[in-house]
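The following exercises on a protein chain each set a task and then work through the solution step by step. Please have the sequence and the model open while you read.

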Amino acid sequence: MKMPAYMELDKEKIFVDNLAAVNQDARLEAVINIKNIVIGNKLRKTLLIELGTIQKLVEMMSRDDSTIEFIIEAVVVLGSFARAGTKESIGILLKSHALDVLLKGICHHDKRIVEASARSLRTLYQSNGIPCDPIYENPRIIPRLVELLSGSYAEAESAATIISKCCQSAAHQALLCNTGAVDALLPLLSGKIKKIQLPVLHCYAAASHQNGSVSLAMMSASHQGEGLVQVLAKLLSRDNPDNIQLGAAKCLTNMFRSGAFTAEDNHSLLLKILSTTVRICRQDKPSCIRAEAAETLAYLIEEDIELQRLAAISDHLIKTMIGFLQKNDMDSDTYNLMRESGLKALASLGATDENIRKKIIESDSTMDHVVAGLEDVNPHVQLAAVKCLHSLSRSVQQLRTSFQDTAVWKPIVKIMHNADEGMLTVCSSALCNLLLEFSPSKEPILEAGAVALLAGLTRRSAKPLKLNGIWALMNMAYQANETTKNKIMEVLGPAHLFSLLEDPDTDVVMKALGLMRNLLSGREDINRIMNVHGNHVMNSVKPILDSELQKVEVKEQALCVIANIANGTSAKEFIVRDEGLLKRLMYYMMHESVKLQMAATYCISNLVWNTEEGAMERQVKLRDMGVQKLLQSLLTTTDAHLFERVKTALQQFT
């Protein structure tokens with residue numbers, strides 16, 4: 001006959017109370033009874049948690065008079081509570097310092113406590129939201145975990161799982177590598193036990209992600225005469241389970257992307273990684289592993305045009321990835337995972353090749369799916385959609401057609417008003433493309449208040465944001481009308497624009513010069529801007545030309561700004577009356593860099609153009625300074641482009 005519920009509750013309360021009994025045998029009996037009740041019974045676990053069992057166990061384990069047997073059983077019970085994995089149970093375990101007790105347990109002198117603690121720690125770390133900081137705060141823990149990799153099967157599997165879950169930063173990666181984890185994991189990977197190979201692969205993948213030092217250490221690691229790379233290559237074989245193949249592919253992908261080996265070094269291996277990840281994306285595989293395979297593939301091919309082209313023609317991959325974007329009968333979490341990985345893969349596929357981009361965009365409803373992703377509430381899906389848009393927006397043809405039809409700029413601008421730094425960086429990169437001169441989106445983006453948004457980015461300390469802000473404004477200013485240029489100058493502020501030319505970062509200075517060059521185009525605009533800001537413009541650009549530290553590319557841009565000013569009518573006088581600047585132009589005409597010679601010659605050509613008012617006086621001045629003779633001496637150049645530019649300049653002299 002079944003015991004009434006109130007009697008069962010009384011029985012369980014007695015067990016919990018007996019955990020603190022004076023008699024050690026009574027304590028041990030109580031914890032064993034609790035273990036037998038909770039294993040495999042979620043309802044009883046909840047009831048016992050509410051009775052304060054976790055707090056009582058942790059308290060009693062810390063007492064000096066607790067026996068080894070009691071501690072072992074208590075550790076097992078804590079692991080069982082951790083297996084429940086509910087937010088409430090995990091919260092109570094952490095609040096009760098169960099994590100600290102288990103970490104202490106793996107350093108215990110008794111091997112049984114060590115193994116039990118390792119198992120329960122593994123279970124705990126398989127839940128979400130477990131902090132990894134405690135693992136690194138105690139200097140004994142990481143060396144102990146690495147040591148356990150050479151212990152019993154249970155210890156090794158548990159330690160590998162814990163390490164893989166807790167390797168979350170470059171500092172963590174470095175500590176694991178320095179403690180010998182790379183070498184300690186390899187014998188486990190070389191064995192034939194699939195259950196332990198998987199957490200080992202996860203360890204290697206976590207340790208090598210965007211880490212060149214760890215990747216190089218993995219490249220040189222070997223066990224019994226066989227290198228880690230060879231072991232990983234074998235695990236790509238179809239004889240292995242999909243998750244093992246994918247784990248090996250992730251490790252090798254990380255090593256490739258971190259520079260441990262190149263496409264030239266090991267082309268056949270890269271093709272094997274590519275074919276493995278493409279195959280695991282197929283529709284007959286489980287959704288979660290398909291999503292992980294697509295994400296790995298996206299990372300593998302992201303910066304290699306040859307791999308992108310090979311992937312695009314492999315096994316109908318583009319069609320497969322677009323299939324990831326269709327919900328069908330998936331639950332929301334799975335669908336979000338599939339969309340995120342699918343969008344990332346499409347972004348990588350279309351990163352470089354115009355034909356691949358065209359194929360992606362012209363596939364059924366692709367742009368609708370991208371826009372839906374941009375408007376999604378899930379931040380991971382949204383970021384992946386922005387990355388995909390950024391990649392596809394590199395297509396000149398599509399900017400004029402598909403992107404205009406779907407008005408993708410609207411969600412981008414909306415996202416940018418309330419985005420974190422990572423999202424803002426990718427959004428502003430996409431906006432740079434959408435603001436190109438030939439894009440029909442340019443005018444509506446301008447009307448939507450983008451100038452203020454972009455000007456704000458130029459004041460950010462993060463270089464990618466600052467650079468993208470200037471870059472987008474530079475694109476906006478290209479062949480723009482007077483209203484647009486005035487708006488940029490007004491919102492950005494002349495003082496801030498000039499300050500950007502003094503930025504310590506070369507890329508920022510380059511784009512700021514590009515922006516100034518685009519603002520100073522069209523004679524009326526050149527004259528108008530120089531009439532108001534001429535002295536500031538000259539005082540900002542001249543130091544760049546005078547500096548011995550600036551790169552050739554920066555000086556070339558500065559000379560192009562001067563050449564644009566020389567194309568103005570009244571603006572020319574800012575250059576002509578500055579003998580120091582004219583001598584600097586003569587210096588660059590004879591420079592070892594052909595780029596600088598051409599840019600300086602172009603400046604002179606604009607100054608002496610003989611159909612313009614005052615040309616004769618300017619020619620006389622420059623002839624007296626020896627400019628004409630310099631040009632004549634340059635006719636001996638072997639560079640065809642420079643020769644034509646010199647000839648054109650000389651033809652202006654009368």
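**Exercise 1.** Decide whether cysteine 288 is buried or exposed, and explain why its sulfur is not bonded to that of cysteine 281.

*Solution.* Cysteine 288 has a relative accessibility of 53% and therefore counts as exposed, where exposed means over 50% relative accessible area, buried under 20% and partly exposed in between, with a 1.4 Å probe and protein chains only. The model is a predicted one, in which local features need pLDDT of at least 70 and side-chain atom pairs count only at pLDDT 80 or more, while totals for chains, interfaces and linings use all residues. Residues are numbered from 1 along each chain as its sequence is written, and side-chain values use heavy atoms, with hydrogens and water left out. The next step is the sulfur: the closest cysteine sulfur to that of cysteine 288 belongs to cysteine 281 and lies 13 Å away, which is too far for a bond.

**Exercise 2.** State how many disulfides the whole structure contains, and describe the surroundings of cysteine 166.

*Solution.* A disulfide is taken as a pair of cysteine sulfur atoms within 2.5 Å. With that criterion, the search over the whole structure returns zero disulfides. Cysteine 166 takes part in none, and the nearest cysteine sulfur, in cysteine 132, is 5.4 Å away. As for accessibility, cysteine 166 has a relative accessible area of 1% and is buried.

**Exercise 3.** Characterise the packing of helix α24 against helix α25 by angle, distance, handedness and residue classes.

*Solution.* Two packed helices are described by the angle between their axes and the distance between the axes. Helices here are DSSP runs (H or I, at least four residues) numbered from the N terminus, and their axes are lines fitted to C-alpha atoms over the stretch in contact, with angles running from 0 to 180 degrees between N-to-C directions. For α24 (residues 366-374) and α25 (residues 379-392), the angle is about 135 degrees and the axes are 7 Å apart. At that angle α24 is oblique to α25, given that angles under 35 degrees count as roughly parallel, over 145 as roughly antiparallel, 65 to 115 as roughly perpendicular and the rest as oblique. The crossing of α24 past α25 is left-handed, a label used if the near helix is turned anticlockwise from the far one by less than a right angle. From α24, the contact (heavy atoms within 4.5 Å) draws on Met367, Val370, Gly373 and Leu374, and from α25 on Val381, Gln382, Ala385, Val386, Cys388, Leu389 and Leu392. Sorted by class, these residues are nine nonpolar, two polar and no charged, with Ala, Val, Leu, Ile, Met, Phe, Trp, Tyr, Cys and Pro counted as nonpolar, Asp, Glu, Lys and Arg as charged, and the others, Gly among them, as polar.

**Exercise 4.** Carry out the analysis for α2 with α5, and then for α28 with α29.

*Solution.* The axes of α2 (residues 24-38) and α5 (residues 68-84) come within 9 Å and cross at roughly 25 degrees, so the two helices are roughly parallel to each other. Their crossing is left-handed. Residues of α2 in the contact include Arg27, Leu28 and Lys35, which meet a set in α5 that includes Glu69, Phe70 and Glu73. By class, the contact of α2 with α5 holds ten nonpolar, one polar and four charged residues.

For α28 (residues 409-416) and α29 (residues 421-434), the axes come within 10 Å and cross at roughly 145 degrees, and this crossing is left-handed. Trp409, Ile412, Val413, Ile415 and Met416 of α28 face Met423, Leu424, Cys427, Ser428, Leu431 and Leu434 of α29 in the contact. These divide into ten nonpolar, one polar and no charged residues.

**Exercise 5.** Examine the backbone and exposure of histidine 97 and of glutamine 479.

*Solution.* Most residues other than glycine have a negative phi, and most peptide bonds are trans. Histidine 97, in the loop between α6 (87-95) and α7 (98-106), has a positive phi of about 65 degrees although it is not a glycine, and at 47% relative accessible area this histidine is partly exposed. Glutamine 479, in the loop between α32 (463-477) and α33 (482-492), likewise has a positive phi, of about 50 degrees, and is exposed at 55%.

**Exercise 6.** Where is alanine 263 found, and which residues does it contact beyond its neighbours within four places in sequence?

*Solution.* Alanine 263 sits in the loop between α17 (242-257) and α18 (267-280), and with 17% relative accessibility it counts as buried. Leaving those neighbours aside, its contacts are Phe256, Leu270 and Asp304. The C-alpha atoms of alanine 263 and aspartate 304 are 8.9 Å apart, with these positions 41 residues apart along the chain.
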